[in-house]
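Hi everyone, thanks for coming. Have a look at the structure on the screen, and I'll walk you through its empty spaces, its packing and its charged pairs.

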Amino acid sequence: MTVTPSQALVVAAEAAEVVGLPAGGAFTLLADASDTAGTLGVNRLTLGRGRDGAKPHHHALSTETFYVLDGELEFLLGGEVVTVTKGGLVVVPPRVPHAFGAVPGVEADLLAVLTPGIDRFGYFRQLARVQHGLEPFDGLLPKQELYDVYFENAAGWLSMRAAR
């Protein structure tokens, strides 16, 4: 169902697409921008113990909001690493580099909202294929503008995560 200015959008749990990730994680695709007249996009992300959720990136147009449903996450926000636990909220404005992952030894579950919405379900599906080793990461590079996801240098984040 697509929402119009005079309608509400309801997504039943069984209607949401679940895209599996390694180590028991998954994207649950709840609402894409085309479902909400461009106002927002919403997905749920579950991460296995210590798994990365996203490498460093920024959004040129959108604010990304994360609500931690369960577990504990490390967020790279600009140049600072912040740990956020169940019930915590993170709001990342446009152009702020960020990354996140589950704390080592801990699973995590979070809700992510992107405003204004950008149709990104295709991005999440492709990212899952990358994480399963079915496609190269470089295949996402030509689509950065389409998905409003601009990748940053990941070396520092990856070395920090590997050291833990």
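Let me start with a hole. The second largest cavity has a volume of about 70 Å³. Thirteen is the number to remember here: of the 13 residues that line this cavity, Gly41, Val42, Asn43, Leu114 and Phe124 are the closest to its centre. Strands S3 and S9 and helix H1 each supply at least two residues of that lining. By class, the lining of the second largest cavity divides into 8 nonpolar, 2 polar and 3 charged residues. Before I go further, please keep in mind that this is a predicted model.

How do we find such spaces at all? Rolling a probe the size of a water molecule over the atoms shows where empty space is left.

So how many cavities of 30 Å³ or more does the structure hold? There are 2. The largest cavity contains about 130 Å³ of space. Its lining is made of 15 residues, and Ala54, Glu64, Phe100, Arg120 and Phe124 lie nearest its centre. Two or more lining residues come from each of S3, S4, S5, S9 and H1. The classes here are 10 nonpolar, 3 polar and 2 charged. If Phe124 sounds familiar, that's right: Phe124 is also among the residues closest to the centre of the second largest cavity.

Now to the largest pocket, with about 180 Å³ of space. Which elements give two or more residues to its lining? They are strand S4, residues 52-58, and helix H1, residues 121-131. S4 provides the largest share, with 5 residues. Among the lining residues you can find Asp52, Lys55, His57, Tyr123, Leu127 and Phe151. In this lining, 6 residues are nonpolar, 3 are polar and 2 are charged.

Let's turn from empty space to packing. In soluble globular proteins, nonpolar side chains tend to be buried together. Here, the largest nonpolar core has 28 residues, and Phe27, Phe66, Leu73 and Phe100 touch the most other members. At least two core residues come from each of S2, S3, S5, S7, S8, S9 and H1. Which element gives the most to this core? That is H1, with 6 residues.

Try clicking on phenylalanine 66. Setting aside neighbours within four places in sequence, Phe66 is in contact with residues including Phe75, Leu89, Val92, Phe100 and Leu110. Phe100 is worth a second look, since I named Phe100 earlier among the residues nearest the centre of the largest cavity.

H1 keeps coming up, and here is a little more about that helix. The buried residues in H1 are Phe121, Tyr123, Phe124, Gln126, Leu127, Ala128 and Val130. The buried residues of H1 pack against S1, S2, S3, helix H2 and strand S10. After H1 comes glycine 133, whose phi is positive, near 80°.

Last topic: charged pairs. How many salt bridges does a search of the whole structure find? The search finds 6. I'll show you three of them.

In one, the side chains of arginine 125 and glutamate 17 meet, with N to O at 2.6 Å. Arginine 125 lies in H1 and glutamate 17 in strand S1, so this pair ties together parts that are 108 residues apart in sequence. Are these two buried or not? Arginine 125 is partly exposed, with a relative accessible area of 31%, and glutamate 17 counts as partly exposed at 32%.

Another joins glutamate 74 and arginine 161, again with N to O at 2.6 Å. Because glutamate 74 sits in strand S5 and arginine 161 in helix H3, this bridge links parts that are 87 residues apart in sequence. Glutamate 74 and arginine 161 are both buried.

The third that I picked is between glutamate 135 and arginine 129, where the closest N and O atoms are 2.4 Å apart. Glutamate 135 is partly exposed, with a relative accessible area of 24%, and arginine 129 is also partly exposed, at 33%. Finally, salt bridges that share partners join Asp52, Glu74 and Arg161 into one network. You have met Asp52 before, too: Asp52 helps to line the largest pocket.

That's my tour. Thanks for listening, and do spin the model around yourselves!

How values were computed. Residues are numbered from 1 along each chain as its sequence is written. Side-chain values use heavy atoms; hydrogens and water are left out. On a 1 Å grid over the protein atoms alone, a cavity is a set of points where a 1.4 Å probe fits but cannot get out, and a pocket is an open set with protein on both sides within 12 Å along at least five of seven lines; lining residues have an atom within 4 Å of a point. Grid points are joined across faces, edges and corners, and a volume is the space filled by probe spheres set on the points. Helices (H or I, at least four residues) and strands (E, at least two) are DSSP runs, numbered from the N terminus. Ala, Val, Leu, Ile, Met, Phe, Trp, Tyr, Cys and Pro count as nonpolar, Asp, Glu, Lys and Arg as charged, and the others, Gly among them, as polar. A nonpolar core is a set of buried Ala, Val, Leu, Ile, Met, Phe, Trp, Tyr and Cys residues joined through side-chain atoms within 4.5 Å. Buried means under 20% relative accessible area, exposed over 50%, partly exposed in between (1.4 Å probe, protein chains only). Contact means heavy atoms within 4.5 Å. A salt bridge is a side-chain nitrogen of Lys or Arg within 4 Å of a carboxyl oxygen of Asp or Glu.
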